[in-house]
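Colleague: I would like to learn how to read ligand contacts, pockets and cavities in a model. Can we go through them in turn?

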Amino acid sequence: MAYTELNPKTKKFEFGGVVGTTILSLTLPIFTLIINQLITPNDKITYDPVYYLNPFQSYSLWLPYLVWFTSLAILDIIMPGHWVKGTTLRNGQVLNYKINGISNCLLLILVLALRWQLTDGQLPELQFLYDHYMELNVISFLFAFYLATWVYLRSFINESKRVLALGGNSGNVVYDWFIGRELNPRSICGLWDIKLYCELRPGMLLWFLINLSCVHHVYLETDQWNDSLCLITAMQSWYIFDGVLNEEGLLSMMDIVTDGFGFMLSFGDLTMVPFTYALQARWLSENPITLGYTKISMILALMCLGFTVFHLSNQQKSHFKQGKLNHMKFIPTERGTRLLCDGWWSVSQHINYLGDWFISLSWCLTTWFNTPLTYYYSAYFAILLIHRQIRDEEKCHKKYGKDWEEYQRRVPYKIIPYVY
Ligand code: NDP
């Protein structure tokens, strides 16, 4: 296939085009600092940009961050796992992915348990993370910026051999850098898939550690386990490990299949996830509240409801695609694939998003109605999911044409039955 045929120029711009992506790149990092400063106003942070940009001055932050990122990357490559095939790319190539979330998570938990023993529960690493949280937030978005730039520049080397993202090949530097020019950047002889790694390891596991650092901090200060903090940490850890352990599911998601890897994903994975998804635990660490059994039961019930819808619907689609649920109703498509319109997938087109949103709300409720700030997460997540649904609808309409229209006729609601 000719290069221009394989990698056509991007004509349709998203996120407000060049202006929109420039504004987002400049404002989103600042936004993460503002929301965190509002959540924990006592946090001290130097706002001198030179301090962060000069690694000789800020090496005590850069060093641990780089050790975290690179050691997880090395483990990602060397830890045992099994290989699975991804979807077929436009050039006919099928990439292999190493699935080793279980061994990586077990190792992390083992290291934490060992450190707990060796330091008599002091865990200075977690204390460091707690004390330097805001500064590490800055380091993470600078790193996301450098990573996106490196990946963008290397997409021009041996260009003819690379598959570019259909949405990130406009020719405009800022836009392509933001959206992601190369579809599946890989390094170290193709062994390290940068996009899958960033989606599931450094940000997700850092989020887990940030929550732990909050529980640990309050425990050291008060000598007590706070129930709201333990609850949010337990619920989010469940979600994090479910995501990391079911990593195969990610291989068919739009992040891996259609999106390039640029600042949008590197910032989302490395900064937004750990440094804004942990807001409830951060707020509770400075304002520990006692929820009691009744509120805990209500919150857990909402989390269970959300997780059941989220998990079972995703599982049903996945099993159906693997040919396991052939008794269910479906629409055959001209492309030869099938659109499920039964079970969860007859309730709405993205019932899994609704389950996920209920989960987000249960997390916000751990701070009860004591602050509106922590509810930022559910608001942000609603926008993310609606935007995702719109993008997915466009994609499916283009891909399936009148078969998708028939599906929309049979399953009219997009996310919330009878509402939207
Ligand atoms: P979906 O799981 O809804 O997948 C959409 C794709 O599935 C479509 O593009 C189409 O792909 C296929 N599809 C859609 N409807 C049907 C059907 N009826 N029958 C068969 N195939 C169908 O969305 P996502 O991949 O966006 O999300 C997956 C999960 O990840 C969700 O639960 C979401 O909530 C969660 N998520 C969480 C985020 C977070 O930050 N916590 C961020 C993003 C997502 P095709 O036909 O081409 O295979």
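Modeller: Start with the polar contacts to the ligand. The model is predicted. In it, a polar side-chain atom of D356 lies 2.5 Å from an oxygen atom of the ligand.

Colleague: What distance does D392 show to an oxygen atom of the ligand?

Modeller: A polar side-chain atom of D392 also sits 2.5 Å from a ligand oxygen. N314 brings a polar side-chain atom to 3.0 Å from an oxygen atom of the ligand. The cut-off for such a pair of N or O atoms is 3.5 Å.

Colleague: How much of the ligand's accessible area does the protein cover?

Modeller: On its own, the ligand has 930 Å² of accessible area. The protein covers 89% of that.

Colleague: Which residues around the ligand come nearest?

Modeller: Count every residue with a heavy atom within 4 Å of the ligand. Here that gives 25 residues. D356, R388, D392, K399 and Y400 come nearest.

Colleague: Which element gives the largest share of the shell around the ligand?

Modeller: That is α17, with nine residues. The α17 helix spans 376-400. At least two shell residues each also come from α15 (292-321), β6 (338-340) and α16 (351-364).

Colleague: How do the shell residues divide by class?

Modeller: There are 14 nonpolar, three polar and eight charged residues in the shell.

Colleague: Why does the ligand lie between domain 1 and domain 2?

Modeller: Look at who supplies the shell. Domain 1 (12-288) and domain 2 (291-420) both give residues to it, so the ligand lies between them.

Colleague: Now the open spaces. What volume does the second largest pocket have?

Modeller: A pocket is an open set of grid points, whereas a cavity is one the probe cannot get out of. The second largest pocket has a volume of about 620 Å³. It is lined by 23 residues, and P64, W68, L108, E125 and L209 are the closest to its centre.

Colleague: Which element gives the most to the lining of that second largest pocket?

Modeller: The answer is α4, with seven residues. This helix covers 59-78. The helices α5 (101-118), α6 (124-131) and α10 (202-222) each add at least two residues to the lining. By class, the lining of this pocket has 19 nonpolar, two polar and two charged residues.

Colleague: Next, the enclosed spaces. How many cavities of 30 Å³ or more does the structure hold?

Modeller: It holds two. About 130 Å³ of space lies in the largest cavity. Its lining has 13 residues, and D76, K98, L191, D193 and L196 are the closest to the centre.

Colleague: Which elements give two or more residues to the lining of the largest cavity?

Modeller: They are β2 (94-99) and α9 (194-200). The largest share, three residues, comes from β2. By class, the lining of the largest cavity has five nonpolar, two polar and six charged residues.

Colleague: And the second largest cavity: what volume does it have, about?

Modeller: About 60 Å³. Its lining includes G86, T87, L89, L95 and Y97. N184, L251, I256 and V257 also line this cavity. At least two lining residues each come from β1 (82-88), β2 and α12 (254-257).

Colleague: How many charged residues does the lining of the second largest cavity have?

Modeller: None. The lining of the second largest cavity has six nonpolar and three polar residues. Set that beside the six charged residues that line the largest cavity.

Methods. Residues are numbered from 1 along each chain as its sequence is written. This is a predicted model: local features need pLDDT of at least 70, side-chain atom pairs count only at pLDDT 80 or more; totals for chains, interfaces and linings use all residues. Side-chain values use heavy atoms; hydrogens and water are left out. On a 1 Å grid over the protein atoms alone, a cavity is a set of points where a 1.4 Å probe fits but cannot get out, and a pocket is an open set with protein on both sides within 12 Å along at least five of seven lines; lining residues have an atom within 4 Å of a point. Grid points are joined across faces, edges and corners, and a volume is the space filled by probe spheres set on the points. Helices (H or I, at least four residues) and strands (E, at least two) are DSSP runs, numbered from the N terminus. Ala, Val, Leu, Ile, Met, Phe, Trp, Tyr, Cys and Pro count as nonpolar, Asp, Glu, Lys and Arg as charged, and the others, Gly among them, as polar. A polar contact is a pair of N or O atoms within 3.5 Å; within protein, one must be able to donate a hydrogen and the other to accept it, and residues adjacent in sequence count only if both atoms are side-chain atoms. Accessible areas come from the Shrake-Rupley method with a 1.4 Å probe; for residues, only the protein chains shown count as cover. Domain bounds come from an automatic or database domain assignment.
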